[in-house]
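Here's a walk through a two-chain model, with an eye on charges and strands. Have the viewer open while you read.

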Amino acid sequence: MNALTPQNVYRAQWTYVTPPGYRDEIFEQPFFWQLVANGQLYRDLPIQLDDDADFIIRKIEFDGTPGGGGSSLVRFRDAFGNPLTTGYDNNGFLLPNGLILAMGFLGALSLPLESEIWCPAGSVLLVDLQPSTNGTISGLTIPLGAPPAFVALLSTFVGTAGNGRSIHVVAPVLPLQPLTVTVIGLAVTVSLATDGAAVVTSTVNDVIAAINGTPAAAALMSASLDFGSGATIATAFGPSAFPLADNGFSTVFGGTLIGVKRFRECA
Amino acid sequence: MYARHHDYYLPLPTIPVNGLQGVQLLLDNDAPFALRNVRKWQRLGVPGVGSVPWRFKLPTGMDQSSDFRFPFDGFGDGLVIRPNAIYPPNGAIVVDVNNTLGAPITGASLLFRGCKLYRDGVVAAPTYPAHCSLLPMAYEVPVMLQPTDTVRNIQLAVRSNADFVVRSMVARPFTLLVDGQPVPPAALVGYYSNLLIQLKDQDQRPYSNLPIPIDNLVGNSAGLSGWPSVTEPGLLVSEIYVPRSKALYFDLFRTDLGEAGGRPINLRVQFQGVGVFQR
C-alpha cells in the first residue's frame, strides 16, 4: 500500500525520520547577492552548498523586498535543475510574497517545504531573480477645488526617463471658454471651461479625462482621482514641476536555506 | 471516503443593537459537512469591527459555547474545531450573534471551513499513484482587476509533466517596474478592500457555497486588505489533488469603490504545494 495514499500528507517537520546509519544536524545556509534593482532579469544566481554532507532543505526564507523598495519575481531550481516554481502564464516566476517593508519577510517559500528537498554535498541551487525597481516614478498629487479633491499625476516612464514633467491648471477670466489641454515640451497646461459669467464649470473628473484623453498629454503623464469627489469644480493650480525620480540602485537580496546536514555515521 | 475542502460563507444581515438569534446557514444536500474552522469577517471601513461576539449550535443542537465568544475572537486564523463537528446533508448551522457596539452593524459575516465527506465514487477523487516522487511546487496566476470587476473562470493549468497538489494559497497585488520602461496601468501601490474569490475544480464544481473574501482562503502576506489580515499562507484542508494537464478554476469579484482610490491592480494568485512525478 502506498503510504502516500492517505489524502493529506502535509505533516510537521518532526515526523521526518533520519535513515539508519546517518545523523542529522540542523543547518542554515544563508545566501545573498548584491544586485541593482532596476527591473532587470538576473539568471542563474548560484547558491553553493557545503561539500561535507548532503543538505536536506526543509524551508527557504527569502527577502524579496530589501531596502524598502519594490518586490521581486523569483524562480528557484533544485540541485538537479528541477524548477520548484512553474506555470504557463509567467515562466515559473512568482512573488516570494513577503510582508512589505519593515514588517518582516515571510515568503511564499518561507513555509515548511513538503516534501523536503535533498541536495547532494557540494551541489548548487540556481535562482533567477527579477527585482522590481527600487527607484521611483516621478509624480505629483495636486489639489483641485474647494474642498479639494486630489488628483494623482504620474509620469509615464519609470525612473529618470520620466523626469521633467510639469502641470499647470489655469482658470480663464474670459467667459465661454472650452476645456483645453496644451503640451509644450514636457509641460502640460489645462485651461478650464467657463460659462457665460466666466465661472469655471469643469469638474475634477473633466480635468482627469482631458489629460488622459489628449494623446500628447497622455504620453507624458497619467491622471487619476486619488481622494475626494471627482464632481468637485476644479480650481487653478501651479505651474508646478514634478519631483525628480531616481533609477534603481544596488542592494542586497538574499535569504536562508534551513534544513539539516545528513552525516554518515562512522561504522 | 473522500474529504473535499469546502467553505460555507454566511453574510450576516444588519445586526441590530440587541443582536440576532437563530440565523440559519443551510448546508448542501450532497454530502455531510465536517466543520473544522470558524472565522469572522467584516468589510473594511464599516464600524463595529470587533463588536460581534458569536456562537453556534453543534450538530447535536447543543451550543458550541456557554456564552457569546469574546468579540475579537475569530479573526485571523479563526477558531479550530477539534474534534470536527459533522453536520448531516441538508442540515443547518444555527448562529447567534450579539452586538456590543450599541448601534446597528453591517457587513459582518462568518466563514465555516471544513470538508464535505463523500462516499467513494460519488465525486472524482484523484490521488497519488502507487509509486511517485514529490517535489515542492508553486504556480502563480496573474490577474488584472479594475476597481469594480468580475473575472470568471480564471484557469490554473497544471503542466503535463506532473500532478499538482494544492496545499496553500497566497495572493498579492504586484506590478513589475523596470527603469526606463513605460509605467504599467497598475503601477501605483494598489490594494484591495473588497475582493471575493470562488475556487472551482476541473468540472466547475465550487469549493464554497458563495464567493468568499479572498483573505479567508489565500492569506495575504501584503497585509493591505481589509480585516482580517492573515499573514501566513491560507491552508486548504483537505489538500486539492489536480492531475497533470488538468486545471483548477477560480472567479474573482472586486468592488473597491472609494477605498482603493479607484486603482486597477495586478493580482498575483499563487498556489503552493507539491508536484507529483509518477515513477
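What follows goes from the whole chains to the salt bridges, then to one lone acid and a set of paired strands.

## The two chains at a glance

Keep in mind that this is a predicted model. Chain A has two helices and 15 strands, while chain B has one helix and 15 strands. So much for the element count; now for burial. In chain A, 47% of the 267 residues are buried. In chain B, 58% of the 279 residues count as buried.

On the surface side, chain A exposes about 12000 Å², with carbon and sulfur atoms supplying 62% of that area. For chain B the accessible surface is about 10800 Å², and 54% of it belongs to carbon and sulfur. Contacts reach a long way along the sequence. Take the contacts between residues at least 6 apart: in chain A, 72% of them join residues at least 24 apart. The corresponding figure for chain B is 81%.

## Salt bridges in chain A

Side chains of opposite charge can pair when their charged atoms come close. Over all chains, the count is 22 salt bridges. One of them is between Arg77(A) and Asp128(A), whose closest N and O atoms sit 2.8 Å apart. Arg77(A) belongs to strand 4 (residues 72-77) of chain A and Asp128(A) to strand 7 (residues 124-131), so this pair links distant parts of the chain, 51 residues apart. Both Arg77(A) and Asp128(A) are buried.

That pair has company. Asp44(A), Arg75(A), Arg77(A) and Asp128(A) are linked in a network of salt bridges.

## Salt bridges in chain B

Chain B offers two cases to set side by side. In the first case, Arg152(B) and Asp251(B) meet in a salt bridge at 3.8 Å, N to O. Arg152(B) sits in strand 9 (residues 148-157) of chain B and Asp251(B) in strand 14 (residues 247-255) of chain B, and the pair links parts of the chain 99 residues apart. Are the two partners buried or exposed? Arg152(B) is exposed, as its relative accessible area is 53%, whereas Asp251(B) is buried, at 3% relative accessibility.

In the other case, Glu239(B) forms a salt bridge with Arg167(B), with 2.8 Å between the closest N and O atoms. Because Glu239(B) lies in strand 13 (residues 234-242) of chain B and Arg167(B) in strand 10 (residues 163-173) of chain B, the pair ties together parts 72 residues apart in sequence. Here Glu239(B) is buried, with a relative accessible area of 5%, and Arg167(B) is buried as well, at 4%.

## An acid without a partner

Now for a charged residue that breaks the pattern. Asp179(B) is found in the loop between strand 10 and strand 11 (195-200) of chain B. How far away is the nearest side chain of opposite charge? That side chain is Arg165(A), 13 Å away, and Asp179(B) is buried yet has no salt bridge.

What Asp179(B) does have is a polar contact: its side chain meets the side chain of Thr133(A) at 2.7 Å. Leaving aside neighbours within four places in sequence, Asp179(B) is in contact with Asn38(A), Thr133(A), Val158(A), Gly159(A), Asn247(A) and Gly248(A).

## Strand pairing in chain A

Back in chain A, start with strand 10 (residues 166-170), which pairs in the parallel sense with strand 12 (residues 187-191) over five bridges. Val169(A) stands opposite Val190(A) in this pairing with strand 12 of chain A. Strand 10 of chain A also runs antiparallel to strand 14 (residues 237-241) of chain A, joined by three bridges. There, Ser166(A) stands opposite Ala241(A) in strand 14 of chain A.

Strand 12 of chain A has another partner too: strand 11 (residues 180-184) of chain A runs antiparallel to it, with five bridges joining the two. Thr180(A) has Ser191(A) as its bridge partner in strand 12 of chain A. What lies between strand 11 and strand 12 of chain A? The two strands form a hairpin with two residues between them, and Gly185(A) in the turn has a positive phi of about 65 degrees.

Conventions: Residues numbered from 1 in each chain as written. Chains lettered and ligands numbered in written order. Predicted model: local features only at pLDDT ≥ 70, side-chain atom pairs only at ≥ 80, totals over all residues. Heavy atoms only, no water. Helix = DSSP H or I, 4+ residues; strand = E, 2+ residues; numbered from the N terminus. Buried < 20%, exposed > 50% of the residue type's maximum accessible area, 1.4 Å probe, protein only. Contact = heavy atoms within 4.5 Å. Areas by Shrake-Rupley, 256 points an atom, 1.4 Å probe, with all protein chains shown as cover. Salt bridge = Lys/Arg side-chain N within 4 Å of Asp/Glu carboxyl O. Pairing = 2+ DSSP bridges. Lys, Arg positive; Asp, Glu negative; His and termini not counted. Polar contact = N/O pair within 3.5 Å; in protein donor to acceptor, adjacent residues only side chain to side chain.
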